[in-house]
Amino acid sequence: MPTSRSRRLPLPVIAATAALLLPLAACTSSSGSGASGDAQRIRVVMAFPPAQAMSPYGDDAVTLSRLAVIEGLTTLDRNGAAQPALAASWKRDDPTTWTFTLRDAAFQDGAKVDADAVVRSLTAAGKASPLPRVLSDTPLTATATDADTVRIVTKEADPLLPQRLANPSLTVLSAGAYKNGKVNPAGHATGPFTLTDVKGAVAATLERNADYWGDKAKAPGVDVTFAADGTARANALRTKAVDVAEYVPIAQASLLGDSFVHEFPSARTNGLSLNTRSGVFADPAMRAAAREAIDSKALVDGVYEGRADTAKGLLGPGIPWAAEKRTAPAGRTGAASRGEVAKTKEIVLATYTNRPELPEVATLVQQQLEKRGFTVKQVVRDYAQMEADALAGKYDAFIQARNTLLDTADPVSYLASDFTCDGSFNISQLCDRNVDAAVDMAAALTGTDTRHGAEMTAEAAVLGADALVPLVHERFVQGYDDARVEGVALDPMERTLITADTRVG
């Protein structure tokens, strides 16, 4: 069984962590505009180092968004509704055509934000390889109708286009960002902070954008370090080497104390994806047996120290409307007996190391499955080494932490990408006509309330197929001293962290 996560760290771990903190201290003592003598600069340590040289077409786009560097035509409010950003307004001309009117704004390099810039950015995103996930199910074409107006046409009706355009991968950049087949947002975006320097996967420097169209940043700049090790991030906060630590591990939260720990529900559900196409779990009775084996509360108590919520479905408490619209799973198959399970071949249970709780979750899930009669082999590696195999169906079961609102702030895109026959992120290999029909119906609805109801019908169909067994609903833990730091965004959708209002007192 997992041991307590609040134990004191052994000396070798402390020594290793101290070594990891050296780059943090080096970064925050740099000369010039990044000098540590400027007490109002924000020092932040982030969990995920740049993986694509800060390209907006991969996960680095989320990092840029969380640092308030990039913007798109729209942004999202706390409920996931589209709000004006670089577009001051928009209207839907017909089911596939929208018109967006731009606000008066400038890029960080001084160029004007105009329709040509928007068309160039959206066209480049549509031609990127790999294609940004937000565009995988909805190709779009943008044209300039005049200097301040853009017409966007989608291949099929897309009532979520305004939310889709808030995705960080659809950021708008100036012409200077596109050179030699690469995209460099440094100095070419529109956000309240300008990315001025990137030191590989180690550090980055941001300066206040004095010409920002909205409220100017309260801090003169941000000094960013990247540390994948969660203990290093927590210790950097504890020793005041940084002001803000992203994603404090559960194991460190109780050691930091309440004044440094800011916990809130997320839109992230940790689930056990079962391979419905091949292997043991191609049999729905075996999937049902696996689902019955899982004890969510034991995971919450044993791994997350109570800092998570027991699984209720695909969508957790970070999506407030989901609970009241949830319906019972439809069409579940009866579970195989323990004796029948014991006759099956060994299953491969995989997860990744990038989120520190998941390997421990995998150990407890393995014990629960083995108690039901399964023979289980674990595979645990870095996520980058596993994604291709997971998408190809090479594992019987895969534990992942999935942000259900990441692409469009509406779960219909998550449901489509993860559980439909043509889904681009279908780790469970599910192809079920009832699920596809339910997702298609939700995607076609324009009214938010009716679409949400249809999405919960689709959730019930997915759960009825036992394609994914929800494990826990994560809570995020961001670290900062609330006596000194103000304006840090606690965002269930994970798109914002540092904002124009963030300041160190």
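# Helices and unusual backbone spots in a predicted model

Me: In this predicted model, which residues of α13 are buried?
Reply: The question concerns a helix whose buried residues number nine of nine, so α13 is largely enclosed by the rest of the structure. In α13 the buried residues are Pro411, Val412, Ser413, Tyr414, Leu415, Ala416, Ser417, Asp418 and Phe419.

Me: Which elements do the buried residues of α13 pack against?
Reply: Nine of the nine residues of α13 are buried, and the elements they pack against include both helices and strands. These elements are β18 (397-403), α14, α15 and β19.

Me: Is Ser413 buried or exposed?
Reply: Ser413 has its place in helix α13, and a residue counts as buried when its relative accessible area is under 20%. The relative accessibility of Ser413 is 7%, and therefore Ser413 counts as buried.

Me: Which residues is Ser413 in contact with, leaving aside its neighbours within four places in sequence?
Reply: Ser413 sits in helix α13, and once the neighbours within four places in sequence are set aside, two contacts are listed for it. Those contacts are with Asp407 and Thr408.

Me: How many Å apart in space are Ser413 and Gly373, C-alpha to C-alpha?
Reply: Along the sequence, Ser413 and Gly373 are 40 residues apart. In space, taken from C-alpha to C-alpha, the separation of Ser413 and Gly373 is 36 Å.

Me: What span should the 17 residues of helix α15 have, at 1.5 Å a residue?
Reply: Helix α15 covers residues 448-464, and the expected span is 1.5 Å times one less than the number of residues. The end C-alpha atoms of α15 are 24 Å apart, which agrees with the expected span of 24 Å.

Me: How many of the 17 residues of α15 are buried?
Reply: The buried residues of α15 include Arg451, His452, Met456 and Leu463, and what covers the buried residues includes α4 (161-164), α9 (322-325), α13 (411-419), α14 (433-444) and β19 (468-480). Helix α15 is mostly covered, and the number of its buried residues is 12.

Me: Is α14 roughly parallel or roughly antiparallel to α15?
Reply: The axes of α14 and α15 come within 8 Å and cross at roughly 165 degrees. Angles over 145 degrees count as roughly antiparallel, and therefore α14 is, relative to α15, roughly antiparallel.

Me: How many nonpolar residues does the contact of α14 with α15 have?
Reply: α14 passes α15 in a left-handed crossing. The contact is made by Val435, Ala438, Val439 and Ala442 of α14, together with Arg451, Ala454, Glu455, Ala458, Ala461 and Val462 of α15. Sorted by class, this contact of α14 with α15 has no polar residues and two charged ones, while the nonpolar residues number eight.

Me: How are α7 and α11 arranged, and what is the word for their relation?
Reply: The axes of helix α7 (residues 284-293) and helix α11 (residues 357-372) come within 9 Å and cross at roughly 120 degrees. The crossing of α7 and α11 is right-handed, and by their angle the two helices are therefore oblique.

Me: Which residues of α7 and α11 make the contact?
Reply: By class, the contact of α7 with α11 has four nonpolar, one polar and two charged residues. From α7 come Ala289, Ala290, Glu292 and Ala293, and from α11 come Gln368, Leu369 and Arg372.

Me: How many of the 10 residues of α7 are buried?
Reply: Among the buried residues of α7 are Met286, Arg287 and Arg291, and the buried residues of α7 pack against β14 (261-274), α10 (338-342), α11 and β19. Helix α7 is mostly covered, with a buried count of eight.

Me: Where is Met54, which has a positive phi of about 65 degrees?
Reply: Most residues other than glycine have a negative phi. Met54 has a positive phi although it is not a glycine, and it is buried, with a relative accessible area of 2%. The place of Met54 is in the loop between β1 (42-46) and α2 (60-66).

Me: Is the peptide bond from Ser129 to Pro130 cis or trans?
Reply: Most peptide bonds are trans. Pro130 is found in the loop between α3 (115-127) and β6 (140-146), and with omega near 0 degrees the bond from Ser129 to Pro130 is cis.

Note on methods: Residues numbered from 1 in each chain as written. Predicted model: local features only at pLDDT ≥ 70, side-chain atom pairs only at ≥ 80, totals over all residues. Heavy atoms only, no water. Helix = DSSP H or I, 4+ residues; strand = E, 2+ residues; numbered from the N terminus. Buried < 20%, exposed > 50% of the residue type's maximum accessible area, 1.4 Å probe, protein only. Contact = heavy atoms within 4.5 Å. Axes fitted to C-alpha atoms, helices over the stretch in contact; angles between N-to-C directions. Parallel < 35°, antiparallel > 145°, perpendicular 65-115°, else oblique. Left-handed = near helix turned anticlockwise from the far one by under 90°. Nonpolar A, V, L, I, M, F, W, Y, C, P; charged D, E, K, R; others polar.
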